[in-house]
Structures are given as structure tokens and as C-alpha cells.
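Got your viewer open? Load the model, switch to a cartoon view, and keep the selection box handy.

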Amino acid sequence: MILQYGKGYLIAKGIPMFRTIRNIVLATAAASSVPFSVAAQTSKSPLEAAAAPTVKNIVLVHGAFADGSGWRAVYQNLTARGYHVSIVQNPLTSLADDVAATQRVLDQQNGPTVLVGHSWGGTVITEAGVHPNVRGLVYVSALSPDAGETTAQQYDGYTTPPEFVIETSKDGFGFIKPDTFAAGFAADASKADAAFLNISQVPVKMSAFGTKLQHSAWRTKPSWAVIATQDKAFDQRMLQDMAKRIGAKITNVPASHAVFFTQPKAVADVIDEAARQSLAAAR
């Protein structure tokens, strides 16, 4: 079900993004073989859903090139609604490191939790979301690989807008090119906000995109997706196809890739919906 809330290439030093990621990670591929389970989806009546208790804990996971402070307005909106909100600070040094950081925060929750990820954070919550406290997942213009897949594979067959340009340092960390940051990441932010987000970028270890996932939490837990319709970090077809593949309830929001920052109420509304419905919708 889709709600309405309101081609080019991703280039790293002149090379298409999906080729850049693939080339970078070939030398550093890593994955273990922990099995994952697939549960059959079940449905419940509207009366059962209405009677279900609401999840009170929310954990927010940022993506690459950003940190947890970008969630502040979403945090304020949700806490005003009575939720207990926690924010993960990903080191962005590897998938394993980011998953460990997320699981530490999940361990601190005192009950059922909705886990939210933006962009690369979608890969993180897909892996970490098998945690027993997690009852629902919210993907905010986010990646959602399956177990046995890499993040890099999600780009195959799609073309990313030319505004999103990644430059890679000698030690393998990627930054968004400063000159194109605003257009590629936060086109709907104010000039001052876009400039601050730009100067405070947190680089990501590019080899992380080549790590195969061990788990795919969306196979066993209900999912919601917020898709920014003006996102220049991903092909729009890619965002829609990923969300449909995982069976997410989709909400389209007219915003840039920084939708979590520029449209906090729209994002908080979807998280609130997930918190109210995830227990009843459990697969």
C-alpha cells in the first residue's frame, strides 16, 4: 500500500558509484555464515490491531556521512508524544562495528522497540533488527539488503543522480564531494543547515558496502518505508523497488535525501504509526 505524503550516476572520482563500491570492496570482502530464519507472514483483523499495545521505545540509526545529531527534531517530536527515544552513534568503520553499536543501544531498551534507519542505517537495522527487543522496522530513504547480499549489490541495474558524488580517501573512507553536497544530500535544507551538514560530514569506510549480511530482520518483522521523492542519493526506482521487496508500507514524502532532518514531522508520523501497529502486525 502506498500513501502520498504531500538518471545519472553516483560518481566517485569519475567512476559510477556501483562500480566504485564493487572495486573498492573486492579486496576487503568479509562475511560469516550465521543462518537466518524466514517466518511466514500472518495477518490480524483491524479490531485485533486496534487493541494491541503500543511500542514505547524508539531507536534511531543514522546513515553514512552524518551522525545522530541529525535526528534531533525527530527525537523532540516523538518524545513530545510520550515515546522513549534513543539515538545510535555509528562509527561507520564497518558493518560489524555499526551493528554492534546499534545492539548496545537495543540492549538498554526495557521492552518492545521500533528500530529506525536512514540510508546506510537501513543496512544496519536489517542486520541488527533480529534483536529480540525489536518489533518493527522503519526504513527512511534507506537500503534493505537480504541475508547473503551486500549493500553494493542493491545498486545493480539502477542509476543514481549525478548530484551525489563520493570522493574516496587513500585509506578507503568516502566523503560526499563538498561542492555537490547540498544538491546531492540536502537540497531542501536552508543554506546554513546544508553548510553545517557538509562541514560536519562523518566519512564511511567504503569496504562496508561489500560486506554480506548474515540476517535480514525484515523477513520476520513488519516494516515501514519513508521514501523521499526528491532524493538524489538513490535512483527513485531503487528506493521503491527495495521497499516493495521487503513488503514495507510506503509513505512518499517530497524531500531530499536528508528527509530525516528536513521533514521530521512526516518521519515521526510514520514511526508513530509503526509503534502503534507493529505488535499487531508481527509476522
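Here is a tour of this predicted model, one selection at a time.

**Stop 1: the whole chain**

Start with everything selected. The chain has 283 residues, and 55% of them are buried. Colour by secondary structure and you can look for 10 helices and 12 strands. If you turn on the surface, you are looking at about 11,800 Å² of accessible area, with 55% of that area belonging to carbon and sulfur atoms.

**Stop 2: strand β11**

Now select residues 223-228, which make up β11. How many of the six residues of β11 are buried? Six of the six, so to speak a full house. Show the side chains next: Ser223, Ala225 and Ile227 point one way, while Trp224, Val226 and Ala228 point the other way. Both groups are buried.

Who are the neighbours of β11? Add residues 134-140, and you have β7, which pairs with β11 in the parallel sense over four bridges. To find the register, click on Leu137, which stands opposite Ser223 of β11. Then add residues 249-253 for β12, another parallel partner of β11, this time over five bridges. Here Ile227 stands opposite Asn252 in β12. To get from β11 to β12, the chain passes through helix α8 (residues 236-245), and this β-α-β crossover is right-handed.

**Stop 3: helix α8**

Stay with that helix and select its side chains. Met238, Leu239, Gln240, Met242 and Ala243 are buried in α8. Go to the start of the helix and pick Asp235: one of its side-chain oxygens comes within 2.8 Å of the backbone nitrogen of Arg237. Asp235 also forms a salt bridge with Arg237, with the closest N and O atoms 3.3 Å apart. Are these two residues buried or partly exposed? Asp235 counts as buried because its relative accessibility is 8%, while Arg237, at 39%, counts as partly exposed. Just past the other end of α8, click on Gly247, which has a positive phi of about 75 degrees.

**Stop 4: the loop before β11**

Go back along the chain to the loop between β10 (204-205) and β11, and select Lys221. Which side chain of opposite charge is nearest to Lys221? That would be Asp107, but it is 11 Å away, and buried Lys221 has no salt bridge. What the Lys221 side chain does reach is backbone: the oxygen of His131 is at 2.8 Å. The backbone oxygen of Val134 also lies 3.1 Å from a polar atom of the Lys221 side chain.

In that loop you can also pick Leu213. Leu213 counts as buried because its relative accessibility is 3%. Try a distance label from its C-alpha atom to that of Ala96: you should get 9.5 Å, although the two residues are 117 apart along the chain.

**Stop 5: a three-stranded sheet**

Next, look for the open sheet whose strands run in the order β8-β9-β10, with antiparallel pairing. β8 (166-168) and β10 are the edge strands; each has a single partner, so one side of each has no neighbour in the sheet. Zoom in on β8 and β9 (residues 173-176), which pair over three bridges. One pair to click on is Ile166 and its bridge partner Ile176 in β9.

**Stop 6: the charged network**

Last stop! The structure holds eight salt bridges. Select Arg81, Lys265, Asp269, Asp272 and Arg276 together, and you have a network linked by salt bridges.

Begin with Asp272 and Arg81, whose closest N and O atoms are 3.5 Å apart. This pair joins distant parts of the chain: Asp272 sits in helix α10 (residues 264-277) and Arg81 in the loop between α3 (72-80) and β5 (84-88), 191 residues apart. Asp272 is buried, with a relative accessible area of 13%, and Arg81 counts as partly exposed at 33%.

Now click on Arg276, which meets Asp272 in a salt bridge at 3.0 Å, N to O. Why are Arg276 and Asp272 separated by about one helical turn? Because they are four residues apart in helix α10. An α-helix has 3.6 residues a turn, so residues three or four places apart point the same way. Arg276 counts as partly exposed, at 38% relative accessibility.

How values were computed
Residues are numbered from 1 along each chain as its sequence is written. This is a predicted model: local features need pLDDT of at least 70, side-chain atom pairs count only at pLDDT 80 or more; totals for chains, interfaces and linings use all residues. Side-chain values use heavy atoms; hydrogens and water are left out. Helices (H or I, at least four residues) and strands (E, at least two) are DSSP runs, numbered from the N terminus. Buried means under 20% relative accessible area, exposed over 50%, partly exposed in between (1.4 Å probe, protein chains only). Lys and Arg count as positive and Asp and Glu as negative; His and the chain ends are not counted. A salt bridge is a side-chain nitrogen of Lys or Arg within 4 Å of a carboxyl oxygen of Asp or Glu. A polar contact is a pair of N or O atoms within 3.5 Å; within protein, one must be able to donate a hydrogen and the other to accept it, and residues adjacent in sequence count only if both atoms are side-chain atoms. Accessible areas come from the Shrake-Rupley method with a 1.4 Å probe; for residues, only the protein chains shown count as cover. Two strands pair if DSSP finds at least two bridges between them. A crossover is right-handed if, with the strands pointing away from the viewer, the path from the first strand over the helix to the second runs clockwise.
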